[in-house]
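User: Please take a close look at a single helix of this model and set it against the rest of the fold. I would like one connected account, with the residues named.

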Amino acid sequence: MAIETPNPVSAGTAGAVPVPPVLSGRARLVLFVLCAAQFMVALDFSVLNVALPALGEDLGLSRSGLQWAVTAFALPSGGFLLLFGRIADLYGRRRMFLAGLVVFGASSLLATVAWDSASFLAGRALQGLGAAVIVPTGMSLLTTTFPEGPLRDRALGISGTLLSLGFTTGMVAGGVLTDTLGWRSTMGLLSAAAVVVLFLAPKLLSESRTPDRPKLDVPGAVTVTGGLLALIYSLSTAAEHGFGGTDVRVALVLGVVLLAAFAVVESRSAAPLVSLPMLRRRTVAFGNLGGLVTFSMMSTIVFVLTLYLQDLLGLSAFGTGLVFGIQGLVSVGAGVWAPKVIGRFGARRTLVLSLIGQGLFIGALLGLGEDSGVLLAVVAVSLASGFHLGAIIAYGLTVTSGVPDEEQGLATGLVTTTQQVGITVGIPLLGVLATTQGSLFDGVRLVVTAAAVILVATGLVVGVGLRRSAGRGQGLPGGS
């Protein structure tokens with residue numbers, strides 16, 4: 001690819017003004033296809049949210065049962081992510097990427113024409129399976145296409161911005177489509193998007209795989225996939241029935257045991273799915289912690305605010321979509337603003353301040369009332385989203401900064417995993433609090449409180465952890 005980079009300065013260097021590299025025409029098209037696929041998956045996480053009340057009435061799902069419309073997608077998308085990412089490394093990322101698009105598009109069509117709740121949830125589960133292929137392969141294709149440095153920083157920044165924007169755009173699109181064409185059109189939109197990406201991708205993407213072709217870490221794949229599936233299932237079921245059920249308790253214990261076994265397996269594997277030595281780097285560990293929390297808390301807040309705006313305030317799906325549309329516009333602005341702030345203050349400082357800022361503005365949602373609060377919801381969630389976008393870009397740069405070239409793939413893989421798992425586990429984890437209280441309003445306040453506290457506390461922990469890493473020579477650009 002013909003790429004011009006006139007005296008570029010990395011966005012992670014403190015005090016520097018970044019000069020964005022210039023992409024060739026073909027590079028722009030490749031980036032468009034890969035980002036469009038990530039955008040499509042992010043859209044899937046949110047486009048159905050504002051349609052949930054209409055969907056539940058049509059298919060006979062209770063309020064607590066509506067969470068399964070989200071969780072049926074989250075289970076396979078989070079559970080199989082690492083497995084499919086490694087299979088793609090071994091047998092071809094382009095090939096797996098295209099296969100994921102086919103599964104995603106076909107399952108979106110099934111969800112569109114679903115005749116009952118079972119067929120709809122089956123379509124959602126298959127969508128999640130397709131997403132578990134698309135996300136890691138798309139990110140791997142991006143990092144192998146764009147070399148490390150300012151060019152990759154720019155590509156990752158664009159990808160992170162569109163990932164967040166896709167989530168908020170889905171809220172607007174979901175509202176418009178639900179009020180005009182019905183909830184089924186939200187799934188039809190995803191099927192059409194998959195067809196478009198599938199048409200363009202074979203013409204632009206080149207095949208790539210790991211050169212040395214190590215053996216697949218089967219024990220690691222089994223334990224991490226089983227652990228994530230069991231953990232997400234237990235939390236999602238508890239949200240509907242509480243923690244008293246035997247299946248919930250067994251699944252919770254099984255999930256913890258399998259994930260612990262995964263850590264043991266990975267420490268002894270010659271070709272691990274996750275590099276534990278990589279996780280011992282403070283920049284990688286604390287950077288990913290910040291990414292995990294920012295994704296999981298924001299996705300959860302959007303979910304519970306949707307229920308609040310429609311079920312308590314009586315807002316239409318279109319009106320709810322407009323609320324989150326403003327949030328999306330703020331995200332676009334933050335995507336332009338964040339690299340400049342990172343260039344001036346460094347990735348570490350930006351990550352810490354973004355987490356705390358996101359937490360404080362989410363905490364402002366405690367001012368919501370049972371019969372009023374639309375304006376406060378618009379302002380608070382939009383400003384929180386701006387800090388959220390800053391955290392997304394900063395944590396990606398934090399994790400990959402200072403990592404040797406030969407380990408960049410492992411570091412970027414962890415960034416991808418954190419994004420997907422964060423979006424996946426937030427709603428089931430805090431959904432328990434939202435749906436098991438005496439009233440929806442009490443549940444919303446409890447979730448807002450928990451999310452705000454978790455974000456601020458994480459920001460402080462990440463700040464301390466990265467300050468210590470700087471003292472040990474693992475510092476990030478931007479210093480202390």
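Analyst:

**Helix α4 and its surroundings**

Of the 480 residues in this protein, 59% count as buried. The model is a predicted one, and the protein in it has 17 helices and 0 strands. Among contacts with a separation of 6 or more, 82% join residues that are 24 or more positions apart. The accessible surface amounts to about 17,800 Å², and 67% of that area belongs to carbon and sulfur atoms.

Against that background, the part to examine is helix α4, which covers residues 81-91. Since 10 of its 11 residues are buried, α4 is largely enclosed by the rest of the structure. The buried residues are L81, L82, L83, F84, G85, R86, I87, A88, D89 and L90, a list in which R86 and D89 appear alongside the leucines. After the helix comes G92, with a positive phi near 120°.

One of the elements that α4 meets is helix α6, residues 117-145, and the two axes come within 8 Å of each other while crossing at roughly 50°. That angle makes α4 oblique to α6, because angles from 35 to 65 degrees fall outside the parallel and perpendicular ranges. The crossing of α4 past α6 is right-handed. On the α4 side the contact involves L81, F84, G85, A88 and D89, and on the α6 side L129, A132, V133, V135, P136, T137 and S140. Sorted by class, the residues of this contact are 8 nonpolar, 3 polar and 1 charged.

The α4 positions in that list can be read against helix geometry. An α-helix has 3.6 residues a turn, so residues three or four places apart point the same way. In α4, L81, F84 and G85, as well as A88 and D89, are among the residues that meet α6, and each of these five is also in the buried set.

Other helix pairs in the model offer a comparison. Helix α5, residues 93-112, and helix α8, residues 184-204, have axes that come within 8 Å and cross at roughly 155°. Because that angle is over 145 degrees, α5 is roughly antiparallel to α8. The crossing of these two helices is left-handed, whereas α4 passes α6 in a right-handed crossing. From α5 the contact draws on R94, F97, L98, L101, V102, F104, G105, S108, L109, A111 and T112, and from α8 on R184, M187, G188, L190, S191, A194, V197, L198, A201 and P202. By class, the α5 and α8 contact has 14 nonpolar, 5 polar and 2 charged residues.

The loop between α5 and α6 holds V113. With a relative accessibility of 49%, V113 counts as partly exposed. In sequence V113 is 72 residues from S185, yet their C-alpha atoms are 9.7 Å apart in space.

Further along the chain, helix α13 (residues 317-345) and helix α14 (residues 347-363) have axes that come within 7 Å and cross at roughly 125°, which makes α13 oblique to α14. Their contact is formed by V341, I342 and F345 from α13 together with A347, R349 and T350 from α14. These residues divide into 4 nonpolar, 1 polar and 1 charged.

Helix α14 also contains S354, a residue that is buried with a relative accessible area of 2%. Apart from neighbours within four places in sequence, S354 is in contact with F387, G390 and A391. A further spatial relation links S354 with I392, since the two are 38 residues apart in sequence and their C-alpha atoms lie 8.9 Å apart.

A last point of reference is L309, in helix α12, which spans residues 282-312. At 0% relative accessibility, L309 counts as buried. Its contacts, leaving aside neighbours within four places in sequence, are with G314, L315, T320, V323, F324, V374 and A377. The C-alpha atoms of L309 and G319, which are 10 residues apart along the chain, are separated by 8.8 Å.

To return to the part you asked about, α4 is a helix with 10 of its 11 residues buried, its axis crosses that of α6 at roughly 50°, and its contact with α6 has 8 nonpolar residues.

Methods:
Residues are numbered from 1 along each chain as its sequence is written. This is a predicted model: local features need pLDDT of at least 70, side-chain atom pairs count only at pLDDT 80 or more; totals for chains, interfaces and linings use all residues. Side-chain values use heavy atoms; hydrogens and water are left out. Buried means under 20% relative accessible area, exposed over 50%, partly exposed in between (1.4 Å probe, protein chains only). Helices (H or I, at least four residues) and strands (E, at least two) are DSSP runs, numbered from the N terminus. Contact means heavy atoms within 4.5 Å. Accessible areas come from the Shrake-Rupley method with a 1.4 Å probe; for residues, only the protein chains shown count as cover. Axes are lines fitted to C-alpha atoms, for helices over the stretch in contact, and angles run from 0 to 180 degrees between N-to-C directions. Angles under 35 degrees count as roughly parallel, over 145 as roughly antiparallel, 65 to 115 as roughly perpendicular and the rest as oblique. A crossing is left-handed if the near helix is turned anticlockwise from the far one by less than a right angle, and right-handed if clockwise. Ala, Val, Leu, Ile, Met, Phe, Trp, Tyr, Cys and Pro count as nonpolar, Asp, Glu, Lys and Arg as charged, and the others, Gly among them, as polar.
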